[in-house]
Amino acid sequence: MSLNRVLLSHAFSLQNHVRGISSISTNSISPSTNKIPAVVSSISNTYGSKLFSTASPTANEEEIVTEDSYNDGSSIYTQQADDLEKIKSSFLITMRDRGFLHQCTNILELDKCLTEDAPVSAYLGFDATADSLHVGSLLQIMILRHLQKSGHKPIVLIGGGTSKVGDPTGKDESRKLLTEEVIKKNTDGISKVFEKFLSFEEEKDGSDAKSKDAIMVNNDDWLSSLKYLEFLRDYGTKFTINRMMSFESVKQRMSREAPFSFLEFNYMILQAYDFLELSRRYGAKLQLGGSDQWGNIISGVELGRKMDSNQLFGLTAPLITTSDGKKMGKTEGGAIWLNKDKLSEYDYWQFWRNTNDDDVVRFLKLFTELPLEEIEELGKLTGADINKAKIVLADETTKLLHGEECLEVIKETAAKMFAKNKEGAKLSTESLPRISISVEDVESGEVSSRFVELFLKAGLASSKKEARRLIQGGGARLNDDKITDEAGVLTMDSFQDGNKEVVLRAGKKRAAVVELQ
């Protein structure tokens, strides 16, 4: 596939998702010329590189350099098509060709920086708002992985400090304030997943870490020790209320009914200061993030210029939604967690196996490392054969997170769960999620033994109401027997032939084990 066709494919794909345009396709390119239509070039020429000039801006220019320059609904694939054809760094080429790009400050200067001999340090922040990341964060983790594989140094920033404030971006109301204990627990929980995707430096006395080995730092190390008046005097003059109010994240939050607190309003300043601190401590040159963080990232880029005359860069990826408009990472059964203790390997595999047909190729590019040529071939599958591509997607994503070893058991479980085996082959439960219940609770008919409670606890329903609806619709089963009573309970008779476990099923594709203790 030629570069022009790749760029145009991404451009129209993003436009279709944002605007709902269905009448435009890559077939508008002449196969013989592979030329990008004139409208694309004209859009590109409209957005000059001076938007993010490294020279000190005048007062008027400072008002021009806003995120609104990128909020016309178009993507970087149309706005800067000419620049994207010129890039040479392996990292940006990967970002471009696999569809990771949404916005970037001075992309040609960043490309030049990425092609120099020294590795570039880039960071991505993750606030500790839960004890596990979910699949909505996977895109960002994959960006860090590609960065490292391209020879550069990832910095994983855990937001232990900013979690005390709460990011207001995209929220209808203030986040619940977390205690120090909860933030510490959440920090421990989200930190371990990164080792699955990145190579971290080994802490050995007297030895220097490899230049591209990842490091993990916590912004609580510097934010919690700041002195308020000193911080205001040193940095408060570098931010203007006018400018902060112009950012889309602030405007959206201000439009909500719930009050926008001064605490939340400070989040942008703290994130900008993080970039400055990381550039000073670790030489970070690039901040990565989702497109909803664009305003905060720009603030950090400008703070580095104003304080240290340092040229910093920002790059964002699009916020991923499914083809039917749903937010990535959330299902009817709840969040798709990345930690194994929150979601089983089987359920994780099954999530990707159930991908919508229209999303398969896009997700293969974003969430696997399969070569683009192979993905292009999988994209040619039609009808029932698309399921083959979905299995490849599920296998590759699960291998990255949980390792290849679990796939055999997952496949065995899936095959026996869906196959119509006349001889009644016993289902392998090794890879299924598990919950436990005591003999005493079962014998006494405690609330915890009710089927509604068990489906909720096992994650097969997101609420008691949903569990009851599942039973009413005939989709709830205990082993192979349909559950018909909404008030039904698990009994000792359910554990037959000395078995210590039973299987709850929600529909044809989801199941969990209840273990007797």
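In this predicted model, C113 is buried, with a relative accessible area of 14%. C104 likewise counts as buried, its relative accessibility being 0%. A disulfide is, in general, a covalent bond between the sulfur atoms of two cysteines. When cysteine sulfur atoms are required to lie within 2.5 Å of each other, the count of disulfides in the structure comes to zero.

The sheet to which β1 belongs is described next. Six strands, in the order β1-β6-β5-β2-β3-β4, form an open sheet in which the pairing is mixed. Because β1 (103–104) and β4 (215–218) each have a single partner strand, they stand at the edges, and one side of each is left without a neighbour in the sheet. In general, the strands of a sheet pair through backbone hydrogen bonds, in either a parallel or an antiparallel sense. Within this sheet, strand β2 (residues 121–127) pairs with strand β5 (residues 284–290) in the parallel sense, over three bridges, and S121 stands opposite A284 in β5.

Helices pack on this sheet, among them α7 and α16. Helix α7 (residues 107–114) touches β1, β5 and β6 (313–317), and its direction makes about 105° with that of β6. Helix α16 (residues 294–308) also touches β1, β5 and β6, but its direction makes about 170° with that of β6.

The loops beside these helices hold residues with an unusual backbone angle. As a general background, most residues other than glycine have a negative phi. N106, which is not a glycine, nevertheless has a positive phi of about 45°; this residue is placed in the loop between β1 and α7, and N106 is buried, with a relative accessible area of 13%. S309, again not a glycine, has a positive phi of about 50° and lies in the loop between α16 and β6. In contrast to the buried N106, S309 counts as exposed, at 68% relative accessibility.

A further parallel pairing involves strand β9 (residues 434–437) and strand β13 (residues 510–516), which are joined by four bridges. In β13, V513 is the bridge partner of R434. The side chains alternate along β9: I435 and I437 point to one face and are buried, whereas R434 and S436 point to the other face and are not buried.

Aromatic side chains form another feature of the model, and the structure holds ten aromatic pairs. In one of them, the rings of F351 and W352 have their centres 5.0 Å apart and their planes at 75°, so the pair is edge-to-face, since planes over 60 degrees apart are classed in this way. F351 is buried, with a relative accessible area of 16%, and W352 counts as buried at 0% relative accessibility. An edge-to-face pair is also formed by F363 and F367, with 5.5 Å from centre to centre and 80° between the planes. Both F363 and F367 lie in helix α18 (residues 360–367), where they are four residues apart, about one turn of the helix. F363 is buried, with a relative accessible area of 2%, and F367 counts as buried at 1% relative accessibility. Ring pairs link these four residues with Y348, so that Y348, F351, W352, F363 and F367 are joined into a cluster.

Y348 of this cluster is also one of the contacts of L343, a residue that, leaving aside its neighbours within four places in sequence, is in contact with I336, W337 and Y348. L343 is placed in the loop between β8 (334–335) and α17 (345–353), and because its relative accessibility of 12% falls under 20%, L343 counts as buried. Although L343 and H134 are 209 residues apart in sequence, they are 9.7 Å apart in space, taken from C-alpha to C-alpha. W337, which is among the contacts of L343, also has a charged residue over its ring: K342 lies over the face of W337, at 4.3 Å from the ring centre.

Methods
Residues numbered from 1 in each chain as written. Predicted model: local features only at pLDDT ≥ 70, side-chain atom pairs only at ≥ 80, totals over all residues. Heavy atoms only, no water. Phe/Tyr/Trp six-rings, centres within 6.5 Å; stacked < 30°, edge-to-face > 60°. Buried < 20%, exposed > 50% of the residue type's maximum accessible area, 1.4 Å probe, protein only. Helix = DSSP H or I, 4+ residues; strand = E, 2+ residues; numbered from the N terminus. Lys NZ or Arg CZ within 6 Å of the ring centre and 35° of its normal. Pairing = 2+ DSSP bridges. Contact = heavy atoms within 4.5 Å. Axes fitted to C-alpha atoms, helices over the stretch in contact; angles between N-to-C directions.
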